[in-house]
Structure formats: C-alpha cells, structure tokens
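Got the structure open in your viewer? Switch to cartoon view, keep the selection box handy, and follow along.

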Amino acid sequence: MTTTKVLVTGGGGFIGSHVVDRLLELGHQVVVVDDFRSGRLSNVPSGVPLYQTDIAAPALEDVFREERPDFVCHYAAQISVQLSMQDPLSDADTNVRGSLNLLQNCIRYGVKKVIYTSSGGAIYGEPQHLPCDETHPVHPMSPYGVSKYAVENYLYVYRQSYGLDYTVLRLSNVYGPRQDPFGEAGVVAIFSQAMLQGKPIIINGSGEQERDFLYVQDVVEASITALEGGSGEA
C-alpha cells in the first residue's frame with residue numbers, strides 16, 4: 001500500500017492510539033481527532049496533527065477541509081452500554097449523529113474508505129448460537145447496540161448512494177496496554193492488577209457466564225488489513 005493520509009477519530013483513546021502508532025510505523029501520514037472525554041493527550045505521538053473537537057460538531061468540517069484525508073479509521077464513540085440505557089439521546093448524539101457528520105464530510109472531501117468499529121456483542125443481543133458469526137441474527141437489546149448497528153446500515157447506504165467504501169469490524173471486548181480499567185473488557189486489567197498485588201479475584205454472578213476477549217494489537221492488524229480488504233463487509 002502506498003503512503004496515504006489517514007484520519008483517526010478517537011486517536012487519543014485506547015484502541016485508536018495503538019492504530020495511530022502502527023500507521024506511523026508503516027510510513028503513513030496520520031491526523032487525530034479526539035475530544036478527550038475518554039482519550040488521553042499523552043497517547044498521541046508528538047508531531048501528529050491533532051484536532052480537539054467532538055465528531056458531531058460543525059468544526060469537524062474544518063479538519064477535512066484542511067487535511068483532506070484518504071482514509072478514515074473511526075474509533076470515536078460513546079462506549080458504555082449502561083450509559084446508553086440511562087441516556088439514549090446522548091448515546092445517539094455521539095454514535096449516530098456524530099458518525100453521520102463524519103460520513104457527510106467523507107463524501108464532501110473525497111475520502112476513499114472508512115474503517116468502522118462496531119460491536120461484536122451488543123448488536124447481537126442474546127446469542128442464538130455460539131460463536132456469533134457475521135451471519136448471526138442482529139437483535140440489539142440496548143440503545144448502544146442499536147446505535148452501533150445503525151451506523152453499519154448508514155455505511156451500506158452511503159456506499160450504494162455515493163460510492164464511499166467501508167469495512168466494519170465487529171469487535172468483542174478489547175484488552176491491552178493503555179486500557180481504562182472500567183467497562184466490560186476492563187476486567188482483564190482489574191484482575192491482572194489484583195493478581196500482582198496478591199488480592200482476591202471477585203467474579204460477580206454465577207461464575208458461569210462467558211465473554212470473548214480480543215487483544216488490542218490484533219485489532220490494530222485487522223484495521224490495517226481493512227484499509228485494502230473487506231470492501232463493503234462486516
């Protein structure tokens with residue numbers, strides 16, 4: 001793949017910052033957009049163009065006008081299922097309206113492709129069979145799951161209507177360095193720290209529940225691969 005300019009939303013966050021690092025290693029130009037509600041400024045390498053703005057804000061167009069990215073890796077999101085249940089309007093404002101604002105600018109400024117991170121759990125609801133593959137019925141049971149899947153459908157429409165290519169990555173619970181020790185995947189960080197400190201490990205519930213965990217560097221490699229592969233697919 002030739003050197004390109006990639007805009008990474010949420011590039012100061014857990015997953016996005018690792019993707020930024022890898023893109024730089026491969027020689028690509030990188031631009032970061034992050035409002036730092038959950039990301040950290042220290043995660044963004046020195047010298048990388050950085051725009052601190054909400055993806056739903058009109059100011060996002062200024063970024064596209066100035067930078068003219070070839071690709072967009074979209075990791076910025078409201079990621080709390082619990083918060084989405086408490087405040088579905090706020091969830092939709094970021095995950096749906098913010099993503100639509102991003103897609104509109106992608107069309108306006110000639111972006112070739114969007115890599116979108118969806119959910120590998122919340123969009124499916126209660127599993128009808130395991131593992132949940134790409135053909136599993138989609139029945140989200142939270143506003144978060146609805147919002148993530150809604151953007152998948154918008155991407156399909158934008159590809160059919162405007163020729164904007166995309167690949168969707170439905171991620172399970174991601175863990176690894178720089179992770180915030182809260183949320184469903186945070187259990188890996190919490191348990192590891194407890195083990196290192198010789199503290200007991202507490203598992204809520206029956207102990208029979210199951211979750212998938214995905215190492216962040218595997219997400220990075222999937223994201224890089226998706227820049228050229230998986231056209232129009234989840």
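The stops below go from the sheet to the helices, then the core, the cysteines and a few backbone oddities.

Before you click: this is a predicted model, where local features need pLDDT of at least 70 and side-chain atom pairs count only at pLDDT 80 or more, while totals for chains, interfaces and linings use all residues. Residues are numbered from 1 along each chain as its sequence is written, and side-chain values use heavy atoms, with hydrogens and water left out.

**Stop 1: the sheet**

Helix and strand names here are DSSP runs numbered from the N terminus (helices are H or I with at least four residues, strands are E with at least two). Colour the strands and you should find six of them in an open sheet, ordered E3-E2-E1-E4-E5-E6, with parallel pairing. Strands count as paired if DSSP finds at least two bridges between them. At the edges sit E3 (50–51) and E6, each pairing on one side only. Now zoom in on E4 and E5, a parallel pair with four bridges. Pick His74 and look across to E5: its bridge partner there is Tyr116.

**Stop 2: helices on the sheet**

Select H4, residues 88–108. This helix lies across E1, E4 and E5, at about 175° to E4. For such angles, axes are lines fitted to C-alpha atoms (for helices, over the stretch in contact), and the angle between N-to-C directions runs from 0 to 180 degrees. Try the ruler on H4: its 21 residues should span 30 Å at 1.5 Å a residue, and the end C-alpha atoms are 29 Å apart, which agrees. The expected span is 1.5 Å times one less than the number of residues.

Which H4 residues are buried? Show side chains for Asp91, Asn95, Asn101 and Asn105, which are among them, along with Leu102 and Leu103. Buried means under 20% relative accessible area, exposed means over 50%, and partly exposed is in between (1.4 Å probe, protein chains only). The cover over these buried residues includes E1, H2 (60–67), E4, H3 (81–86), E5 (113–119) and H5 (143–162). Just after H4, click Gly110, which has a positive phi near 70°.

Next, select H1 (14–25). Its buried residues are Phe14, Ile15, Gly16, Ser17, His18, Val19, Val20 and Leu23. E1, E2, E6, E7 and H7 are included in what covers them. H1, too, is followed by a glycine with positive phi: Gly27, near 90°.

**Stop 3: the core**

A nonpolar core is a set of buried Ala, Val, Leu, Ile, Met, Phe, Trp, Tyr and Cys residues joined through side-chain atoms within 4.5 Å. The largest one has 25 residues, and the members touching the most others are Val8, Ile15, Leu23, Val30, Cys73, Val174 and Leu227. Elements giving it two or more residues are E1 (5–9), H1, E2 (29–33), E4 (71–74), E6 (165–171) and H7 (216–226). A separate core of 22 residues includes Ile55, Leu60, Leu155 and Tyr166.

Centre on Val8 and show its contacts (heavy atoms within 4.5 Å). Beyond neighbours within four places in sequence, Val8 is in contact with residues including Gly16, Val20, Leu23, Val30, Cys73 and Tyr75.

**Stop 4: the cysteines**

How many disulfides does a search of the whole structure find? Zero, taking a disulfide as a pair of cysteine sulfur atoms within 2.5 Å. For Cys73, the nearest cysteine sulfur is that of Cys106, 11 Å away. Cys73 is buried, at 1% relative accessible area, and Cys106 is buried with 1% as well.

**Stop 5: backbone oddities**

Most residues other than glycine have a negative phi, and most peptide bonds are trans. With that in mind, go to the peptide bond joining Leu130 and Pro131: it is cis, with omega about -5°. Pro131 is in the loop between E5 and H5.

Then click Arg68, a non-glycine residue with a positive phi of about 50°. Arg68 sits in the loop between H2 and E4, partly exposed at 47% relative accessible area. Finish on Arg178, another residue other than glycine with a positive phi, near 75°. Look for Arg178 in the loop between E7 (173–175) and H6 (187–196); at 37% relative accessibility, it counts as partly exposed.
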